[in-house]
Each structure stands twice: as structure tokens, then as C-alpha cells.
Amino acid sequence: MIPVLLDTITTAALLYIVSSGLLLVFGVMKLINFAHGGLMTLGGYAAVIATALGVNPWIGIPLAALFGGIVGLGMERVVVRSLYNRPLDAILATWGLSIIIGQIITLVFDRGVHFAEPPVRGVISILGEPYSTYRLILTALAVLLGLALTTALRGTSLGLSTRAVIMNEDLARGLGINSGLVRSITFTLGSGLAAVAGALITPLSSVDPNMGVAWLISAFMLVLVSGSSLFSLAVASVVLGGAQVVVSNYFGSVLGGMTIAVLAAVILRIRPQGFSYE
């Protein structure tokens, strides 16, 4: 029972880290950034590069944020900005950009599986059960990420401008807020967070050019049932992530991999606003 509980907590944390950047972009731009998976893969390879260079594995995190932020800013300036009023075209464009990122990664690193050195090794005994130290650290990082994003949105001028754009963009523009700048910063931040998520989860398994696709599907469904609320995303991560762990443990990983998508569809059918309290 203890391992299942710990897996539920850490899986929820991983899902939150993976989905937070996608939710930020969706909340401000009302756009699902399907390049999120490609950016995660890019972050994963940043961790691989750090390992190959023999530097401290933690260096892979800021390296991933730099890669993701630069690529995200470029995508927003060159492609996404001209498609703000055409959300369907923007979604298709970001999906195409994700494919391009994957192909470039394949050209540079090949199609093989690569591994990254975990920043922390070993286990910690919790109630007599040994558990991965690194997964527990990721849980703490997820909590810190949630607190940092909430503080930024509520306690900074940029955060207040972002919340204004989320609530009513037309009114925000009327009050003198540069919604275009807010969109650009948000997309860049969301892209950086996606790459950081990829760098953080890669040491748990491996990375290949298609690594981000599976995570993108889970993140997409979580964002759909969370609206634009970070708190709702945390709740959805715990509920759906916990369900995935239980199903995987008792019915196999194949059914477990389908759990989030199926439950999210059921929740949206019963309660269209999902876990959002707005």
C-alpha cells in the first residue's frame, strides 16, 4: 500500500511539472501548444548533452530552459504570432513545429535511445519501504513550481497583466496592457517549462526523438479538465495520476497508459468544466 501511495504522489508531481507550461499557454492564449511534446524532447536531450559533457547533471536543467525558451520565442515570433486569430491553424502549426523539432533531433542524435545521468542516486526508507530519492526530489520541485507560478501570477505586475489577459483580453488592452507582449512572454515561459520537464523526467527512463508524444497526450487531457487554474491542475494530476498508478499496478501498464485519457473524457462528459471551480 505504501509503494502505491508514494507512486501516486510522485506521479502526480511529474504530471504537474509536465503540464504546467502547457496550461500557462492555454490559459493566456486559448491555444493548445502541440509543440509542447517536441520541446520536452528537446529538454531531454539537454540532459543527455550535460551527461555527455561530464558536467553536474543539474546543469542540464538551466540548459534545457535556455534551449526551450529560445526555440519557443522563435516559434512565437515567426509562426504563432500571425495565427492568434486562427486558433485551429495555430494548433496545426504547433503540431508541425513539433515534428520539425523531432526530425532535427533525429538528424543530430539519430533515432536511438539515449540516457542521462540522474542528479541524485539512491533510495530513502519511508515507513520501511525503500523509495527513489530522485522521484521524491521531483515531488518537492513540483510543489515549489506551483508556489512560484502562483506567486508570480498574483504578486507581480507581469502576473497581474497575465491574469487580466486570461480574464478579458479586450478589456485588458483597453486598460493599456500590451497583450501581445504578455502572449510572447507566456509562450516563451511555457516552452521553457516544457523543456525543463523533459530534462527532469529523462533520468527516470530514457529519451528518443518521440519521447514527448506520450507525455503530451496526458498533459493535453489534464489541461482540458483543469481550465486555466493551477490549483485545478494539481487536483487533476492527483486524481488522474492516482488512477493511472492503481490501474497500472493491478491491471497492467497498457490499461494504465489509457487511464488518464479515458477518465478525462468521462469527466468532461459529466462535468464540462472539469475540475475548474471558475
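**Helix 3, its salt bridge neighbours and the chain**

Colleague: Which residues are exposed on the other side of helix 3?

Modeller: This is a predicted model, in which local features need pLDDT of at least 70, side-chain atom pairs count only at pLDDT 80 or more, and totals for chains, interfaces and linings use all residues. Residues are numbered from 1 along each chain as its sequence is written, and side-chain values use heavy atoms, leaving out hydrogens and water. Relative accessible area sorts residues into buried (under 20%), exposed (over 50%) and partly exposed (in between), with a 1.4 Å probe and protein chains only. On the other side of helix 3, the exposed residues are I70, R77 and V78.

Colleague: How wide is the arc that holds the buried residues of helix 3?

Modeller: Helices are DSSP runs of H or I with at least four residues, strands are runs of E with at least two, and both are numbered from the N terminus. The buried residues of helix 3 are G60, I61, A64, G68, G69, G72, M75 and E76. They line one face of the helix, because the directions from the axis to their C-beta atoms fall within an arc of 160 degrees.

Colleague: What covers those buried residues of helix 3?

Modeller: Cover is judged here by contact, that is, heavy atoms within 4.5 Å. The elements over the buried residues include helix 2 (36–53), helix 4 (87–109) and helix 8 (179–201).

Colleague: With which residue does E76 form a salt bridge?

Modeller: A salt bridge needs a side-chain nitrogen of Lys or Arg within 4 Å of a carboxyl oxygen of Asp or Glu. E76 is buried at 0% relative accessible area, while its partner is partly exposed at 36%. The closest N and O atoms are 3.2 Å apart, and the partner is R81.

Colleague: How far apart are N and O in the salt bridge of E117 and R121?

Modeller: The whole structure has 3 salt bridges. In this one, E117 is partly exposed at 34% and R121 is exposed at 58%. The N to O distance is 2.6 Å.

Colleague: What is the radius of gyration of the protein chain?

Modeller: The chain has 11 helices and 2 strands. The radius is taken over C-alpha atoms, and the globule rule is 2.2 Å times the number of residues to the power 0.38. For 278 residues the rule gives 19 Å, and the chain's value is close to that, so it is as compact as a globular protein of that length, with a radius of gyration of 18 Å.
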